[in-house]
Amino acid sequence: MTANLHSPERQLIELRIEHADLDASIDRLAEQSPVDELMLQRLKKRRLALRDAMARLEAALDPKEPA
């Protein structure tokens, strides 16, 4: 049986991986001297967008009220 590569569950896993990668990149960038504030701001904005996308997918996969 093959897994659907575009399933919401798969998308959520990929978003979580990308979010974790961004966390690591942000940590590394913040430790550098001098800090590239513009790049740091862009990475944090992307991380926030990923968090929002994950929340939407999680809500779609696990609705609070029965349909």
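**Exercise 1. A salt bridge within one helix**

Find the residue with which Glu14 forms a salt bridge, and work out where the two partners lie.

*Solution.* Start with the closest atoms: Glu14 forms a salt bridge with Arg10, and their closest N and O atoms are 2.9 Å apart. The term salt bridge stands for a side-chain nitrogen of Lys or Arg within 4 Å of a carboxyl oxygen of Asp or Glu. Next, place the partners: both Glu14 and Arg10 lie in helix α1, four residues apart, which is about one turn of the helix. Helices here are DSSP runs (H or I, at least four residues), numbered from the N terminus. Finally, check accessibility. Glu14 is partly exposed, with a relative accessible area of 39%, and Arg10 is partly exposed too, at 35% relative accessibility. The classes are buried (under 20% relative accessible area), exposed (over 50%) and partly exposed (in between), with a 1.4 Å probe and protein chains only.

Before going on, a word on the model and its numbering: this is a predicted model, in which local features need pLDDT of at least 70 and side-chain atom pairs count only at pLDDT 80 or more, while totals for chains, interfaces and linings use all residues. Residues are numbered from 1 along each chain as its sequence is written, and side-chain values use heavy atoms, with hydrogens and water left out.

**Exercise 2. The two helices**

Compare the reach of α1 with its expected span, then do likewise for α2.

*Solution.* Take α1 to begin with. Helix α1 covers residues 8-31, has 24 residues and reaches 35 Å from its first C-alpha to its last, close to the 34 Å expected at 1.5 Å a residue. The expected span is 1.5 Å times one less than the number of residues in the helix. Now take α2, which runs over residues 37-61. With 25 residues, α2 reaches 36 Å between its first and last C-alpha, close to the expected 36 Å.

Between α1 and α2 there is a loop, and Gln32 lies in it. Gln32 counts as partly exposed, at 45% relative accessibility. From Gln32 to Lys44, twelve residues along the chain, the C-alpha atoms are separated by 16 Å.

**Exercise 3. What the helices bury**

List the buried residues of α1 and of α2, and name a helix that helps to cover each set.

*Solution.* Begin with α1: its buried residues are Leu12, Leu15, His19, Leu22, Ile26 and Leu29. Their cover includes α2. In α2, the buried residues are Leu40, Leu43, Arg47, Leu50, Ala53, Met54 and Leu57, and what covers them includes α1.

Then look for the core. The largest nonpolar core has eleven residues: Leu12, Leu15, Leu22, Ile26, Leu29, Leu40, Leu43, Leu50, Ala53, Met54 and Leu57. Each of α1 and α2 supplies at least two residues of this core, and the largest share, six residues, comes from α2. A nonpolar core means a set of buried Ala, Val, Leu, Ile, Met, Phe, Trp, Tyr and Cys residues joined through side-chain atoms within 4.5 Å.

To see one core member in detail, pick Leu22. Leaving aside residues up to four places away in sequence, Leu22 touches Leu43, Arg46, Arg47 and Leu50. Contact here means heavy atoms within 4.5 Å.

**Exercise 4. Salt bridges between the helices**

How many salt bridges does the structure hold? Describe the one formed by Glu18 and the one formed by Arg47.

*Solution.* The structure holds four salt bridges. One of them joins Glu18 to Arg46, with the closest N and O atoms 2.9 Å apart. This pair links distant parts of the chain, 28 residues apart, with Glu18 in helix α1 and Arg46 in helix α2. Glu18 is partly exposed at 30% relative accessible area, as is Arg46 at 39%.

Now turn to Arg47, whose side chain meets that of Asp23 in a salt bridge (2.8 Å, N to O). Here too the pair links distant parts of the chain: Arg47 belongs to helix α2 and Asp23 to helix α1, 24 residues apart. Arg47 counts as buried at 18% relative accessibility, whereas Asp23 counts as partly exposed at 25%.

**Exercise 5. Around Arg47**

Which residues does Arg47 touch, not counting residues up to four places away in sequence?

*Solution.* With those sequence neighbours set aside, Arg47 touches His19, Leu22, Asp23 and Ile26. For a further distance, try Ala20, a residue of helix α1 that is partly exposed at 43% relative accessibility. The C-alpha atoms of Ala20 and Arg47 are separated by 8.9 Å, and the two residues are 27 apart along the chain.
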